[in-house]
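Hello,

Here is the structure we talked about handing over. My notes follow below it.

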Amino acid sequence: MGVVRSAVQGAAAGLAATAAMSGVMAAAREEGRVGRLPPKLLTRRFLPGGREYTPRPGENLATAVAHGGFGAAAGAVFGVLTGGRPPRVRTGLAYGLGVWLASYEGWVPWVTVQPPAHRDAPARAAVMAAAHLVYGCALAAVLRRMRRPRLSARTPVSGADEDPRGPDATAQG
């Protein structure tokens, strides 16, 4: 499988995985377990005006597009790294955790949106880690399904040509 095809498959799987991850984050927010979520804070930070605590018109759509784009890009990288092979779920879990660590201990604090995960509110850090584990699991599962070998119409299924009554049934007429 080529690099481009691996990347495209990974991007599609990454988008689906981002939807699953977003469900975890939304549920945690609905239950009051977390306050402001990082994707929205990041979007607010990069919209004109640059303040992560000031709501802006259209920020919900912008957040969804940006988060989906980031998830698709991370999925494309995973798709290439797995070399066109169906990934194991544990590989996806490790990848999701790696994305969380690189983001929440790395570039997210660097752009001053929130503190590093080890200094953040424990509930938010736990929710975000769990959401990234869901992302990794869903990413690997979707990509595995996309890369599953398919039977073609010309490939006979084992035993399809055999008479269900046994090997002697055709000879006896």
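E31 and R33 are both exposed, and their side chains form a salt bridge with an N to O distance of 2.7 Å. That pair is one of 4 salt bridges in the structure. Please keep in mind that this is a predicted model.

Salt bridges between helices

Two further pairs share E59. K40 pairs with E59, with 3.8 Å between the closest N and O atoms. K40 belongs to helix α2 and E59 to helix α3, so this salt bridge ties together parts that are 19 residues apart in sequence. R44 also meets E59 in a salt bridge, at 2.8 Å from N to O. Here too the partners sit in helix α2 and helix α3, R44 in the former and E59 in the latter, 15 residues apart. Taken together, K40, R44 and E59 make up a network of salt bridges.

How exposed are the members of this network? R44 and E59 are both buried. For E59 the relative accessibility is 6%, which is why E59 falls in the buried class, whose limit is under 20%. K40 has a relative accessible area of 24%, so K40 is classed as partly exposed. As general background, side chains of opposite charge can pair when their charged atoms come close.

Helix α4

Helix α4 covers residues 89-110. It has 22 residues and spans 30 Å from the first C-alpha to the last, close to the 32 Å expected at 1.5 Å a residue. The helix is bent, by about 40 degrees, at S103. S103 is also one of the buried residues of α4, which include G92, Y95, G96, V99 and W100 as well. Beyond S103, the buried residues of the helix are Y104, V108 and P109. Which helices do the buried residues of α4 pack against? They pack against α2 (38-46), α3 (59-81) and α5 (122-146). In general, an α-helix has 3.6 residues a turn, so residues three or four places apart point the same way. Just after α4, T112 adopts a positive phi of about 60 degrees.

Nonpolar patch

There is a nonpolar patch on the surface, formed by V89, L93, L97, L101 and L133. Together these residues have about 350 Å² of accessible area. Helix α4 contributes the largest share of the patch, 4 residues. V89 is in helix α4 and has a relative accessible area of 34%, so V89 is partly exposed. That value also lies over the 30% needed for a residue to be counted in a patch.

Whole protein

The secondary structure consists of 6 helices and 0 strands, which gives the pattern α-α-α-α-α-α along the sequence. The protein has 173 residues, of which 38% count as buried. Considering contacts between residues at least 6 apart in sequence, 69% of them join residues at least 24 apart. The exposed area of the protein is about 10,300 Å², and carbon and sulfur atoms supply 61% of that area.

Regards

Notes. Residues numbered from 1 in each chain as written. Predicted model: local features only at pLDDT ≥ 70, side-chain atom pairs only at ≥ 80, totals over all residues. Heavy atoms only, no water. Patch = residues over 30% accessible without salt bridge, like charges linked within 9 Å, V, L, I, M, F, W, Y side chains within 5 Å. Areas by Shrake-Rupley, 256 points an atom, 1.4 Å probe, with all protein chains shown as cover. Helix = DSSP H or I, 4+ residues; strand = E, 2+ residues; numbered from the N terminus. Buried < 20%, exposed > 50% of the residue type's maximum accessible area, 1.4 Å probe, protein only. Expected span 1.5 Å × (residues − 1). Bend = angle between axes of the 7 residues up to and from the residue. Contact = heavy atoms within 4.5 Å.
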